[in-house]
Amino acid sequence: MVSAFLIDAINNPTKVVQELYEEHTGNIDQFPAVVARHFSDVFLNSDDTLREVLPLDVNHPPESFTHNRSLVRFHGMVQDTSSSPEMYLASLNENKCGGWGISQNMPAGEWPSSFDYCDLKEATALWAVTVPGQTDWRTEELIAGSHCSSSSQSAPQPHKFPVPNAPHVGVQVKIYDNEAAQSLKATDVVTFIGILTSESLDSEDVSSPVVPSLHVLCHKVQSTSDASPTEELATVRDDLIKWIADEALGGDEVAAQWLVLELSAKVYTRTTPLLPPSLTLSRFPSPTPSSPALPTLHHVLSDLLPQYLTVPLSLDLLNKENFSPESKDEDLHSGYLQVPCGTTLLLTENGVQEGKLVEKGIMNIRAVQEVMDAQTLEYSFPFSKFSFPTDIITIVLCDGRKSAFFQTGFTVPLEMKPSLKDNLYKPRDQIKIPDTVKLAAYRSFLAAAKQCFGTVQVAEETSRHIQEDFVRQRQEDTSITADNLIHLMKVARLLAASMLEREVTVDIWETSKRLDASRRKRSP
């Protein structure tokens, strides 16, 4: 049964706000929180009620909403929090509410001739965009039950989207519950529910462009999507590795296993850094003139991960495009690396030809390396620079023995089966996609592995074994250092997580050593 509250909120959210205002007259300062609680109770306690609200996305762009002040939900990434707060008149004549775009959209003749300055309040202003790298299957999960209406026109402020020339929605977000807005930061993924209007980007500048504006009634920050490990999920690991190997890596199950280890990682702690390593798959052939430009691995990862981007590196792209955000004229321009936590980036070097890297290209490479090494990204402002935390998995494909640009945590030379070499580059419709149940199990497995990674412990028995083993190795080979031990501990943690185990056992330690030895024995 659909509640009357839900029907009223969807059909006429402005009327509901006004009715709430009349019930809470005399407490203007707390009223935004009252509105947020009311609409949160109506929409955010259930996915079913949330999906009753029409989505704002590339298939339902702002211009498709012909009714002014429509109620919409926008699942987006916060791109810019540097805008100045917007002043609005909270109380109008005849006990009418002025927030949520009501006073901003009033005809001049209806404005009160005089007002109490105490009724002037501030709303937090942000810019948000479609979640960059959100894969198709994840988008379909979010908009289930909604029908596509039209394709989006060119989005306003395209420089604020990380991927140049990609279809997306950009919207000015206004949040009246300032206390709740204070915790929002750049790259947060948020579901906003609000009233959609079109307004000037800067109300004080007559030449400012008119952009879609969302007056937020309530919002919810996306929580981690990690799944809980189960015995059933643990059984799909070998199947997943074989599928990735056969479909995308020329039958190389060792390389596929290292890839699964990489996809099992996430940032767990920064105080004593436990960060995701980066991975290079070397000896990865370039596409032929007759094959698709994107590797099959691009399609496979798109089917497995909720947030994923391929960046086809070239000197032209490195020298011209932004990888880090940069403020220009008080406007934050985005870059490829301004993506949400949990995003996986596939960097392909096959398109790099001989030429010169200019200063911007060098800075872009440094930015990627900083993400790989420290999981931080530098934002540039006119008189300062600030580093912000990231949580990005980086995978590099190169046809040489190592990456031309990056030093990664692991390098795995690809060893293909001749009969499966053509599988490295093939159209999506030629990929053998698992059935829906198995594909869902693969996705849940990778999410569960990420959850395990941060909680993997080393058993006391294993710790003693590792210490004794390390001393023995040092006696046999004096070139072995503490760095080798740290490296193997990373491998062991990743292997345990990819097996959905919470503890590094002696067996896992020994398996890790064999796995790393097999990697090092491959042709450099």
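**Two glutamines and a pocket**

Hi everyone, let's begin with Q375, which lies in the loop between helix 12 (359-374) and strand 14 (376-381). Please keep in mind that this is a predicted model.

What is unusual about the backbone here? Most residues other than glycine have a negative phi. Q375, though, has a positive phi of about 55°, and it is not a glycine. Is Q375 buried or exposed? With a relative accessible area of 0%, Q375 counts as buried, because the cut-off for that word is under 20%.

Now please scroll back along the chain to Q157. You will find Q157 in the loop between helix 5 (136-142) and strand 6 (170-175). Q157 also has a positive phi of about 55° without being a glycine. Its relative accessible area is 16%, so Q157 is buried too.

Let's leave the loops and turn to the second largest pocket. How much space lies in it? The answer is about 790 Å³. Lining this pocket are 27 residues, and the ones nearest its centre are S83, S84, L201, D202 and E330. Try picking those five out on the structure.

Which elements give two or more residues to that lining? They are strand 2 (86-89), strand 5 (120-130), strand 11 (326-328) and strand 12 (331-333).

And what sort of residues make up the lining? By class, the second largest pocket is lined by nine nonpolar, nine polar and nine charged residues.

That's my tour for today, so thanks for listening!

Conventions: Residues numbered from 1 in each chain as written. Predicted model: local features only at pLDDT ≥ 70, side-chain atom pairs only at ≥ 80, totals over all residues. Heavy atoms only, no water. Helix = DSSP H or I, 4+ residues; strand = E, 2+ residues; numbered from the N terminus. Buried < 20%, exposed > 50% of the residue type's maximum accessible area, 1.4 Å probe, protein only. 1 Å grid on protein atoms, 1.4 Å probe; cavity = no way out; pocket = protein on both sides within 12 Å on 5 of 7 lines; lining within 4 Å. Points joined across faces, edges and corners; volume = space filled by probe spheres on them. Nonpolar A, V, L, I, M, F, W, Y, C, P; charged D, E, K, R; others polar.
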